[in-house]
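Ready for a few exercises at the bench-side screen? Take a look at the structure below, try each task yourself, and then compare notes with the worked solution.

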Amino acid sequence: MNTKEIWQNLLLYLETELSKPTIATFFGETELASLENGQARILCPNRLSLEHLRTRYEEKIREALRAISGQSWQLNFEIRPLAPHRPQELGPIFKTGESTGLVNSYTFENFVVGLSNQLAVSVAEAVTERPGELHNPLFIHSGVGLGKTHLLHAIGNQIKQISPERKVLYASAERFTSELIRAIQDRRTTSSFRRRFRSLDVLLIDDIQFLAGREATQEEFFNTFNELYLAGKQIVLTSDRPPAEIQRLEQRLVSRFAGGVVADIQEPDLDMRAEILRRKAAARGTNLREETVLALAEKVAGSIRQLEGALNQLLAIAATQKIEPSPELAQGILRTQCSSNQEISPQTIISATCRRFGVTPEDLRSASRAQEIVLPRQIAAYLLRKINRSSLNQIGRLMGGRDHSTVLHGIEKIEKEIAENEILRNQVELMRGEILGKIGS
Ligand code: ADP
Ligand code: MG
């Protein structure tokens, strides 16, 4: 038996313990490189997958391998040498991790520039060249799914790349708020919270409109803002609307936010949508026929997130069913996408998630912290948030009475993983398609 067959058998073996989607998600692009001298070399597509395998499944793999081969092996996990079409995974250029909150894959290189965003992009690039000096604060606003978050991370990643010693932090305003709430319960943590934010060189806060109506958080943010601003540190903010239109935001914050450069991002035109599709397909190693590109680009106007979602669904379905991503297939997807405004019950989302991961709704509500339960639980929370726009508290209740910061943590984790892990992204897109496909049927 060669290593390929051994690995296939091992995955089959694991199916007795792990559900198929779990295996597809975490083992989809793994392989066994060699098996000799008591050593098994296992290749993973990226760092994230490697960490998952090592932290969650090492013991199961070792057991399975022993069962199949009849002897014990020491496991060595490695990242597969780079495939040419995935430039953003060139090792740790942007050493990220917990401390910066940055997602490596959101870069300027893979941000398509067009008429609708060129102003915002050029200001953002200027900020990376001279942080704190030119455009401070930079305030970027647009409707949803038009690239604010991507651009914010791109700024952070680029600054880290140019000067790794600079302290950069990305946080959503929601995260800022929930950490603040946790921190003020204890004086020591309050001061370490302050120190952490006020010692930064670059502060990137996403979706600042979240502060609307939250007076205590606004007060704290105002002080953080001032301290950084006066020290010449760069601040970049995003919002779903311009500063003056954020309701219940203190006037002093409105004027601070509007006091630097305010740039907006508009909806992409047809050319830009087509270019985004070509680039995203190419980044995934697929060349779409121009007819397919145009079919998608013409139908999915509006947000880039929707465009990306449509493409992901198309490619995921084509790959799973081993068919060509044709214009006709694209049309089929668009029918399900277009109905996305209708009501979908939380139960639909929860049962779709349970079906896919082979768990029960009780499992999701339970206290279990087993990985096989935690992942579907977090994905269900993510989908409830994205599809249903449920509040964190609502989701917490649906998930057996979890508090909102636990829910937020889970959703953020899935967001980060989706941004970095193509396999998980496809899984989630497939599920989203399944759920949206339910409407009207
Ligand atoms: P927002 O924060 O404005 O809601 P995001 O930054 O989350 O939007 O963007 C939604 C998705 O669209 C992300 O996956 C992002 O990578 C992608 N995207 C947005 N704008 C562009 C662009 N100009 N080029 C490439 N991808 C983009
Ligand atoms: Mg965003």
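**Exercise 1.** In the hairpin of β1 and β2, which residue takes a positive phi?

*Solution.* Keep in mind that this is a predicted model.
- Step 1: Find the turn; the hairpin has two residues between its strands.
- Step 2: Check the backbone angles there, and you will find asparagine 37 with a positive phi near 50 degrees.
- Step 3: Look at how the two strands are joined. β1 and β2 (residues 39–44) run antiparallel, with five bridges between them. One of the pairs to look for is leucine 32 with its bridge partner in β2, isoleucine 42.

**Exercise 2.** Work out the strand order of the open sheet, and say which strands stand at the edges.

*Solution.*
- Step 1: Trace the three strands; their order is β1-β2-β3, and the pairing is mixed.
- Step 2: Count partners. β1 (31–36) and β3 (74–79) each have a single partner strand, so each has one side without a neighbour in the sheet, and these two are the edges.
- Step 3: Add the twist: ignoring direction, neighbouring strands are turned by 20 degrees against each other on average.

**Exercise 3.** Describe which side chains make polar contacts with ligand 1, and how much of the ligand the protein buries.

*Solution.*
- Step 1: Start with the oxygen atoms of the ligand. An N or O atom in the side chain of glutamate 308 is 2.5 Å from a ligand oxygen, and for the side chain of lysine 148 the distance to a ligand oxygen is 2.9 Å.
- Step 2: Turn to nitrogen. Here the side chain of lysine 280 places an N or O atom 2.8 Å from a nitrogen atom of ligand 1.
- Step 3: Consider the surface. On its own, ligand 1 exposes 550 Å², and the protein buries 94% of this.
- Step 4: Ask which elements give two or more residues to the shell: they are α5 (148–162), α10 (270–283) and α12 (304–320).

**Exercise 4.** Characterise the shell around ligand 1 and place it among the domains.

*Solution.*
- Step 1: List the nearest neighbours. Of 19 residues around the ligand, Val112, Gly145, His150, Arg305 and Glu308 come nearest.
- Step 2: Sort the shell by character, which gives seven nonpolar, eight polar and four charged residues.
- Step 3: Lay out the domain assignment: domain 1 (3–79), domain 2 (118–265), domain 3 (270–338) and domain 4 (342–436).
- Step 4: Match shell to domains. Domain 2 and domain 3 each supply at least three residues.
- Step 5: For a sense of scale, the C-alpha centres of domain 1 and domain 3 are 33 Å apart.

Conventions:
Residues numbered from 1 in each chain as written. Chains lettered and ligands numbered in written order. Predicted model: local features only at pLDDT ≥ 70, side-chain atom pairs only at ≥ 80, totals over all residues. Heavy atoms only, no water. Near = heavy atom within 4 Å. Polar contact = N/O pair within 3.5 Å; in protein donor to acceptor, adjacent residues only side chain to side chain. Areas by Shrake-Rupley, 256 points an atom, 1.4 Å probe, with all protein chains shown as cover. Helix = DSSP H or I, 4+ residues; strand = E, 2+ residues; numbered from the N terminus. Nonpolar A, V, L, I, M, F, W, Y, C, P; charged D, E, K, R; others polar. Domains from an automatic or database assignment. Pairing = 2+ DSSP bridges. Axes fitted to C-alpha atoms, helices over the stretch in contact; angles between N-to-C directions.
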